[in-house]
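Reader: I have a new structure open and would love to talk it through with you. Shall we take it step by step?

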Amino acid sequence: MVLAGAVIGLLSMGIRQSLGVFLLAVSEDLGPGREPFSLAVAVLSFLMGLPVAGYLADRYDHRRVLLVCSLLYGGALMMVSQLHSSGGLVLYLGVVAGLGTSGLSFGVLMGAVGRLVPVGRRSAMMGVIAAGTSMGMLLVAPAAQFGLEAFGWRASFATMGAVVLAMSFLAFLFPRQAAMQAAQDGVIDESFGVAVRKARRNRSYLLLTTGFFVNGFHIGMIVTHLPAYLIDGGITGTVASVVLAVIGGVNIFSSPMFGRLGDRLRKRNLLMLIYGTRAVLIAALLILPLSPATALVFGLCIGVMWMGAVPLTSATVAHLLGARYLSALFGVVFFSHQIGASIGGWLPGRVFDATGSYLPVWLLAIALSVAAFLIHLPIRDRGTAAPG
């Protein structure tokens with residue numbers, strides 16, 4: 001099940017995080033600028049974070065949620081390939097694909113893993129899921145660039161849609177709800193309402209939710225606009241796609257590393273390390289002369305800090321509130337993440353169309369990194385874990 005979850009994350013998130021490769025081509029073909037594509041990606045990111053799919057998975061069945069949402073996502077990508085104006089981008093790439101990815105996101109995948117693996121291995125196994133999504137960047141970003149150059153963006157979107165439709169069969173490798181319940185015999189099964197009330201009163205949970213917004217903003221901005229930023233600076237499209245691949249490739253190892261460290265060290269401190277380091281790296285990208293070498297070094301370094309916050313944050317939620325409703329409760333945290341991702345995907349396009357520069361948004365990303373560093377400082381992640 002863990003490996004199936006990693007493959008689903010590889011394909012679904014790999015495609016999502018490679019959409020920036022198509023920004024210029026789709027914008028030039030459908031018009032009128034970069035904002036329509038950016039807005040569609042922002043809507044996708046926002047809807048992707050809705051915790052409804054996580055609740056349905058906890059309440060009914062992870063398998064059915066994964067199956068239905070795979071069909072929605074794949075169908076949406078195929079519909080995008082048939083568009084002849086930017087008017088349908090928000091509907092298909094934004095709304096339909098967003099609803100599809102909401103059931104293939106970290107909330108659902110981490111929730112299934114968190115309920116079945118032993119507590120002592122929880123953070124490490126969640127790192128495997130995060131690593132799978134990063135492998136998607138490593139494999140999908142170069143493949144997307146190749147498909148774009150060889151066959152055009154329409155054929156590339158149709159191919160990605162077909163791959164996601166085929167991926168739907170992996171849902172059957174997840175256990176049914178009855179098997180989930182049997183694996184947790186002896187655990188007090190409190191009501192969902194009680195779990196929600198506990199979460200609302202837990203200050204550390206609320207801080208995690210706030211801090212994860214910044215993680216989403218960084219990821220949404222970088223995957224959507226870093227390729228265009230590099231191309232604007234004189235870097236070739238091939239190198240720009242390789243930078244995304246490097247980010248994902250490095251994170252294949254760094255996410256499980258942070259997951260394993262989270263089973264041994266304070267997760268709060270590791271999260272502060274991630275956000276603080278990102279501020280330094282983004283500042284270096286702006287200060288140093290832009291070249292293929294500096295772009296690749298940035299990709300290498302930011303890749304180390306890319307998805308490490310995901311297993312650490314999800315495991316902290318399970319520690320604070322238990323794993324029975326982890327898909328839903330982490331889904332709320334992930335919703336905050338996706339609000340950040342939607343803003344990070346849309347705002348740079350809006351700012352660029354208005355000013356011709358990404359600089360103001362890069363500076364905002366640095367400020368948010370510092371804020372996230374401080375937000376995690378009061379989090380209490382020590383003590384006995386919540387049951388379940």
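Reader: Which helix is His 218 found in?

Author: Happy to start there, with the reminder that this is a predicted model. The helix in question runs over residues 203-232, and His 218 is found within that range, in helix H12.

Reader: Is His 218 buried or exposed?

Author: The cut-off for buried is under 20% relative accessible area. His 218 has 2% relative accessibility, so it counts as buried.

Reader: With which residue's side chain does the side chain of His 218 make a polar contact?

Author: Two partners are worth a look here. One is a backbone atom: the His 218 side chain reaches the backbone oxygen of Ala 365 at 3.1 Å. The side-chain partner, at 3.0 Å, is Ser 369.

Reader: Leaving aside neighbours within four places in sequence, which residues is His 218 in contact with?

Author: Ala 365, whose backbone oxygen the side chain reaches, is on the list, and so is Ser 369, the polar partner. Leaving aside neighbours within four places in sequence, the full set is Arg 278, Ile 282, Ala 365 and Ser 369.

Reader: Let's move along the helix. Where does H12 bend?

Author: The end-to-end span is a good place to begin: 30 residues at 1.5 Å a residue should give 44 Å, and the end C-alpha atoms are 43 Å apart, which agrees. There is still a bend of about 50 degrees in H12, with Pro 227 following within four residues. The bend is at His 225.

Reader: How many residues of H12 are buried?

Author: His 218 is a buried residue at 2% relative accessibility, and it is found in H12. The helix as a whole is mostly covered, and of its 30 residues the number buried is 24.

Reader: At the start of H12, which residue's side-chain oxygen reaches the backbone nitrogen of Ser 204?

Author: Both ends of H12 have a detail to look at. Just after the helix, Gly 234 takes a positive phi of about 100 degrees. At the start, the side-chain oxygen within 3.1 Å of the Ser 204 backbone nitrogen belongs to Asn 202.

Reader: Zooming out, how many helices and strands are there in the protein chain?

Author: H12 is one of the helices, covering residues 203-232. For the protein chain, the count is 18 helices and 0 strands.

Reader: What is the radius of gyration of the protein chain?

Author: For 388 residues the globule rule gives 21 Å, and the value here is close to that, so the chain is as compact as a globular protein of that length. Along its principal axes the C-alpha trace spans about 60 × 40 × 30 Å. The radius of gyration is 19 Å.

Reader: What share of the contacts with a separation of 6 or more comes from residues 24 or more positions apart?

Author: Some context on burial helps: 59% of the 388 residues are buried. Among contacts with a separation of 6 or more, the share from residues 24 or more positions apart is 88%.

Reader: One more residue, please: which residues does Ala 6 touch, not counting those up to four places away in sequence?

Author: Ala 6 lies in helix H1, residues 2-16. Its relative accessible area is 10%, so Ala 6 is buried. Not counting residues up to four places away in sequence, Ala 6 touches Val 128, Ile 129, Gly 132 and Thr 133.

Notes:
Residues numbered from 1 in each chain as written. Predicted model: local features only at pLDDT ≥ 70, side-chain atom pairs only at ≥ 80, totals over all residues. Heavy atoms only, no water. Helix = DSSP H or I, 4+ residues; strand = E, 2+ residues; numbered from the N terminus. Buried < 20%, exposed > 50% of the residue type's maximum accessible area, 1.4 Å probe, protein only. Polar contact = N/O pair within 3.5 Å; in protein donor to acceptor, adjacent residues only side chain to side chain. Contact = heavy atoms within 4.5 Å. Expected span 1.5 Å × (residues − 1). Bend = angle between axes of the 7 residues up to and from the residue. Rg over C-alpha atoms; globule rule 2.2 N^0.38 Å.
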